[in-house]
Every structure is written in C-alpha cells, then in structure tokens.
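The exercises below are meant to be worked with the sequence and the model side by side. Please try each task before reading its solution.

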Amino acid sequence: HPDNYIPANPMQTPASIVPEWYLLPYYAILRAIPSKLLGVIAMIGSILILFLMPLLDTSRVRSCAFRPFMRLLFWGFVVNFLILTWIGSQHPEPPFITIGQACSTFYFSYFLLFVPLIGLMENTLSDLATLGDMVGMVGMGEFPNHSKAGAGCAIVRSIPLYRTLLARSAALGMGTALNRIRTIASEESVFLREFVPLSINRIIALIKMLSFLSNLIWLSSNLCSNDAAQPWQFGFQDGGSPSYEGIVELHDDIMFYLILILVGVAWMLMSTIRNFNWNHNQIVHKYLNHGTVLELIWTISPALVLIAIAFPSFKLLYLLDEVIDPVMTVKAIGNQWYWSYEYSDYVDQEGQSIEFDSYLVPESDLEIGDLRLLEVDNRVVVPVDTHIRFIVTARDVIHSFAVPSLGVKLDCIP
C-alpha cells in the first residue's frame with residue numbers, strides 16, 4: 001500500500017495501519033469486531049476455516065457445474081471477498097465498519113451455514129428423484145443392464161439409495177430387482193479385487209523409478225564435482241568444511257521430496273487427462289463421490305513434508321551459527337572491486353598485524369589454467385583441519401563475502 005512507504009514521523013501517530021493487499025480481507029474482519037481479542041480470533045478463524053472445507057461440503061457432487069444455486073452463491077462469496085479487500089484499505093469509520101461487519105458475517109455463514117445446508121438439500125432431492133426413476137423402471141420391467149463394474153459402482157456407492165431401493169423392492173415383492181442389485185454389489189467387489197492390486201503395482205513401479213533417478217543424480221553429481229565450476233557441471237563443488245557437507249546433504253534430502261511431489265502430481269494430472277475426457281466420460285455421474293478422508297490426507301501431507309524438512313534445516317541453521325573456539329581469525333574488508341584481509345592473530349617484525357589487498361586479475365593477464373573472475377593477485381591462505389573465524393565488514397557499500405566450498409556467504413555491512 002502507498003501509505004507504507006511514507007517516511008515515519010516519530011512525533012505523529014498515523015491515522016491507520018494499512019497492511020499489504022493480500023492481507024486486507026482478513027484485516028477487515030479483524031476491525032469488524034469491536035473487541036480486540038475476538039477480532040484476532042475471528043481473523044485467525046477466517047483462515048483456519050478453509051482447512052475444514054472438505055468436512056463442511058456435504059454434497060455428493062463436488063463440481064459447481066451441476067449445482068446452479070451453489071455456483072451463484074460461490075460468485076457471491078467472491079464478490080464479498082473483494083468487498084472485504086476494499087474495506088480493509090479504508091479508514092475504520094462509518095459506513096465502512098458496518099459494511100465490514102455485514103461482509104464478515106456472510107464470510108463465515110458461507111462456510112458454516114450455506115455450504116452444509118445446500119449440500120444436504122441437494123443430496124435429499126437427488127435421492128428422491130433417482131429413487132423415483134429406478135422404482136419406475138423396475139415396475140415397468142426396464143431396469144438397466146449394468147454389465148460393467150463401473151456402472152455398478154455408481155449405484156452401490158450411494159449407500160442410502162441402495163438401502164432404500166432394497167427396502168422398496170422387498171415391500172413390492174420384486175425378486176428380479178433384488179437379484180439385479182445383488183449382482184451389482186458382486187460386480188463392485190470384483191471391481192475392487194481387480195483395481196486395487198493394479199494400483200499397488202503402479203505404486204511399486206513408481207518407487208523403483210524414483211530410486212533409479214536418485215541413483216542417477218547421485219552418480220552424476222559425484223562425477224562432476226570439482227574444486228571450481230566446470231562447463232555443464234551437474235552438482236556441487238567439493239566440500240571443504242562440515243558446514244558445506246551439511247548444506248549438500250540438506251539439499252539432497254529436499255530434492256528427494258521434490259522428486260516425489262513432481263512425479264506424483266504429474267502422474268495424477270496425466271491420469272486425469274487420460275481417464276476423464278470427452279471420449280471416455282462424457283457425463284459425470286451425479287453420485288460420484290470424492291473421499292473426505294483422501295482430501296484430508298492430501299491436505300495434511302504437505303504440512304508433514306514441511307515438518308520433515310524443517311527439523312534438519314533448523315538443526316543445520318543452529319550448527320552454522322555455533323562458534324567453536326577458533327584457532328585463528330581472518331578479517332575480510334570489502335572495497336570497491338577488491339578485498340582487504342587482516343590476520344589479527346599474527347604480527348610482522350614491526351609488531352603490526354599482517355594485512356594485504358587482493359585484486360581481481362584482469363582477463364588479459366590470465367594464464368593457461370587460471371579461472372576467470374576467480375583469480376586474484378594475493379590469495380588468502382588458511383590451514384586445513386582448523387577452526388577459523390571470519391570477521392567481515394565493508395568500507396563503502398554492502399559487499400557479499402562468499403566461499404562456496406566452505407558453505408559461507410555473508411553480507412558485509414559498513
């Protein structure tokens with residue numbers, strides 16, 4: 001927001017605090033409640049309620065394409081959200097406070113009231129309409145021939161309708177209908193026995209492929225590791241410190257999760273494009289259910305992956321920040337186009353600490369085997385297997401002191 005870039009005046013209190021644009025709707029909900037504590041609770045609840053959507057949506061049909069009233073209500077929610085965004089950028093004064101309270105009420109009513117009730121109403125009306133059609137076809141002797149397991153799944157998965165149809169058929173004494181329903185149920189079990197092992201085999205094949213890719217990446221990175229970057233290098237440089245080895249190990253761990261996510265999402269997208277298109281499924285069945293448990297799994301799984309990544313990353317962060325008794329200290333001073341170094345622990349014959357400047361070697365002066373943009377006239381020499389402390393600063397502007405093989409990259413503040 002433009003107001004955030006106005007220089008602060010310590011002698012004047014700002015009229016209002018305006019957050020960034022993506023926080024304006026929740027800021028409007030916060031200001032809609034007079035109580036500060038309740039306002040904070042409402043603002044946090046407006047975000048957490050999004051995670052409860054799989055439980056609140058009771059409709060069997062997930063797509064709004066077959067739910068006209070729900071589609072209209074959804075666009076009303078979008079307009080209400082945009083109004084909250086606008087209210088959050090205004091000063092907290094009438095009539096903006098009243099409008100914000102009304103929009104906040106609609107925001108929570110959409111999730112807690114409208115979505116569950118509309119789903120229940122649609123399920124009831126759909127059950128009644130389908131039951132009437134099926135009973136009519138059974139009475140006329142035109143019960144459809146569900147020869148495929150997929151057609152059986154559509155009816156058997158609707159448990160309330162299945163039980164109602166059984167009760168209705170038993171009351172009317174329709175033995176043919178009962179036999180047909182039992183046949184559909186048996187086809188459902190055959191479908192599960194054939195489909196589930198196939199899915200397990202695909203998962204096993206996917207794991208084997210991921211293992212092959214990880215081995216290939218590990219082999220490529222080992223073949224291409226060098227002290228300096230090489231053309232077409234695929235991997236990191238050789239590590240010169242435990243910190244750098246920890247960074248590379250964390251990278252490999254995160255890459256494993258990224259490959260799992262990439263392959264899994266790509267497989268789901270390709271399966272969806274292949275199986276759910278106009279040629280294979282022209283009409284989406286109105287009783288096609290999306291499992292709530294499955295939706296909770298793919299909502300919670302990313303959080304678990306982030307937790308699995310967070311623990312080793314925090315551990316490495318604390319290890320990088322730990323200072324173990326250093327044997328020697330090197331002071332690096334950034335200048336325009338060159339660096340100055342001081343060995344504070346060592347002095348020369350005159351009692352002064354060892355100091356020198358290090359300039360970049362021009363391209364015209366490079367010799368065969370020299371590294372462009374890396375060669376200097378005076379190099380920093382440090383012992384191996386030794387704890388070294390670097391103190392970095394700058395004389396003019398902010399400079400970046402980086403030694404990739406040591407896992408060091410710091411900003412030198414003047």
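A polar contact is a pair of N or O atoms within 3.5 Å; within protein, one must be able to donate a hydrogen and the other to accept it, and residues adjacent in sequence count only if both atoms are side-chain atoms. This is a predicted model, in which local features need pLDDT of at least 70 and side-chain atom pairs count only at pLDDT 80 or more, while totals for chains, interfaces and linings use all residues. Residues are numbered from 1 along each chain as its sequence is written, and side-chain values use heavy atoms, with hydrogens and water left out.

**Exercise 1. Place Ser 271 in its helix, and find what its side chain reaches.**

Step 1. Helices (H or I, at least four residues) and strands (E, at least two) are DSSP runs numbered from the N terminus, and Ser 271 belongs to helix α9, residues 242–275.

Step 2. The side chain of Ser 271 comes to 2.8 Å from the backbone oxygen of Trp 267.

Step 3. Buried means under 20% relative accessible area, exposed over 50%, and partly exposed in between (1.4 Å probe, protein chains only). Ser 271 counts as buried because its relative accessibility is 12%, and the other buried residues of α9 include Tyr 244, Val 248 and Ile 259.

Step 4. The expected span of a helix is 1.5 Å times one less than its number of residues. For the 34 residues of α9 this gives 50 Å, which agrees with the 49 Å between its end C-alpha atoms.

**Exercise 2. Follow Tyr 341 to its partners in the neighbouring strands.**

Step 1. Two strands pair if DSSP finds at least two bridges between them. Strand β1 (residues 328–335) and strand β2 (residues 338–347) are antiparallel, with six bridges, and Tyr 341 in β2 faces Ala 332.

Step 2. Strand β2 is also joined to strand β3 (residues 353–359), again in the antiparallel sense, by seven bridges, and there Tyr 341 has Phe 356 as its bridge partner.

Step 3. Turn next to the hairpins. Two residues lie between β1 and β2, whereas five lie between β2 and β3, where Gly 351 in the turn has a positive phi of about 85°.

**Exercise 3. Is Trp 337 buried or exposed, and what is its phi?**

Step 1. Trp 337 sits in the loop between β1 and β2, and its phi is near 75°, a positive value in a residue other than glycine.

Step 2. With 78% relative accessibility, Trp 337 counts as exposed.

Step 3. Asp 385, in the loop between β3 and β4 (388–394), likewise has a positive phi, near 50°, and counts as exposed at 84% relative accessibility.

**Exercise 4. Which residues line the largest cavity?**

Step 1. On a 1 Å grid over the protein atoms alone, a cavity is a set of points where a 1.4 Å probe fits but cannot get out, and lining residues have an atom within 4 Å of a point. Grid points are joined across faces, edges and corners, and a volume is the space filled by probe spheres set on the points.

Step 2. The structure has one cavity of 30 Å³ or more, and the largest cavity holds about 50 Å³ of space.

Step 3. Its lining consists of Ala 28, Arg 31, Ala 32, Ile 87, Pro 92, Phe 96, Ile 97 and Gly 100; at least two of the lining residues come from each of α1 (24–32) and α5 (96–139).

Key: 1 Å grid on protein atoms, 1.4 Å probe; cavity = no way out; pocket = protein on both sides within 12 Å on 5 of 7 lines; lining within 4 Å.
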